[in-house]
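Here is a brief report on one protein model. Look over the sequence and the structure first, then read on.

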Amino acid sequence: MYIKVLFDKYTNDKRLHTGWGLSFLVNDKILFDTGENGNWLLHNIENLDIDLNKIKIVVVSHEHYDHTGGLWELLKKKKGIQVYGCPDFSNEFKNKVKNFKARIIETIEMTEISKNIFITGQIQDKYQPIPEQALVVKSNNSISIITGCAHPGIINMVRKIKEFFPKEIISMILGGFHLMGEDKRIIALIVEDFRKIGVKKVGPTHCTGPEAEQAFRREYKKDFIHVKVGEAIHLFNFIKKTEFKRKKEVKWKSKLRIPISAKKY
Ligand SMILES: [Fe+2]
Ligand SMILES: [Fe+2]
């Protein structure tokens, strides 16, 4: 299992576009969010040697432009894509997807969309009523969580996911944690909560904000993942609950093949 970073704010590869929003590709076939701009997304897809034909599913975390912006160019280029959205997304969004001859599937609850790949279905917080869903990748006794912006609250979302996977260890949480401009004490409490919940690795990016990213980096040290466009993050394999066997992150650059050994998950 691996996640390729197709769009986000940092990269080491100057040929690639970076910007606001994010787009992650899981196992070459499920796209999670589409970044802010369709031409930039397609440019990165092409330059990273991604096979568009393999992408069958797009999961849209929430309706903000920096997560949906790349969707329309993609739907123009690739027919027959299934788009997973939340029931409370606007009719405007849902109709637009249909107008591109794509199918919109509204997920209410935790759903396995491909073997060991789940989406949470709509999560909504009463104080922050932006409907949002996250992606969960399961492997053996562990799960990894990918979030868009985490508007309902990153800890709320993680707790909700844990209700469904009570025995699984959380090997990684990756994505936007929506902590930009947040009070330092709140950030410290959230980092502490991650430790209490037992999260092994973190890849905070996008709207997590520089202060929270630094706080996670300080706490997690070698287990902090600096998310960069053009790189792949390989998920971990838990043999037993207590035994944490971690694979080294294998960097993936354009035109280079993923090492075969990393494919066996
Ligand atoms: Fe965002
Ligand atoms: Fe957002």
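This is a predicted model. Its average pLDDT is 89, and 89% of the residues score at least 70. One stretch deserves caution. Residues 238–265 have a pLDDT below 50. Even so, the model gives this stretch 46 contacts beyond near neighbours in sequence.

**Overall make-up**

The protein holds 7 helices and 17 strands. It has 265 residues, and 43% of them are buried. Contacts often link distant parts of the chain. Among contacts with a separation of 6 or more, 63% join residues 24 or more positions apart.

**The six-stranded sheet**

How are the strands of the open sheet ordered? The order is β7-β8-β11-β12-β13-β14, 6 strands in total, and the pairing is mixed. β7 and β14 stand at the edges. Each has a single partner strand, so one side of each lacks a neighbour in the sheet. On average, neighbouring strands of this sheet are turned by 25° against each other, direction ignored.

Inside that order, β8 sits beside β11. These two strands run antiparallel and pair over 3 bridges. One residue pair can be named here: F118 has V136 in β11 as its bridge partner.

The residue ranges of four strands from this sheet are set out below.

| Strand | Residues |
|---|---|
| β7 | residues 111–114 |
| β8 | residues 117–119 |
| β11 | residues 135–139 |
| β14 | residues 201–205 |

To locate the sheet's edges in the viewer, go to residues 111–114 for β7 and residues 201–205 for β14.

Technical notes: Residues are numbered from 1 along each chain as its sequence is written. Chains are lettered from A and ligands numbered from 1 in the order in which they are written. This is a predicted model: local features need pLDDT of at least 70, side-chain atom pairs count only at pLDDT 80 or more; totals for chains, interfaces and linings use all residues. Helices (H or I, at least four residues) and strands (E, at least two) are DSSP runs, numbered from the N terminus. A residue is buried if 20 or more other C-beta atoms lie within 10 Å of its own, exposed if 12 or fewer, and partly exposed in between; C-beta atoms are placed from the backbone. Two residues are in contact if their C-beta atoms, placed from the backbone, lie within 7 Å. Two strands pair if DSSP finds at least two bridges between them. Axes are lines fitted to C-alpha atoms, for helices over the stretch in contact, and angles run from 0 to 180 degrees between N-to-C directions. pLDDT is the predictor's confidence in each residue, from 0 to 100.
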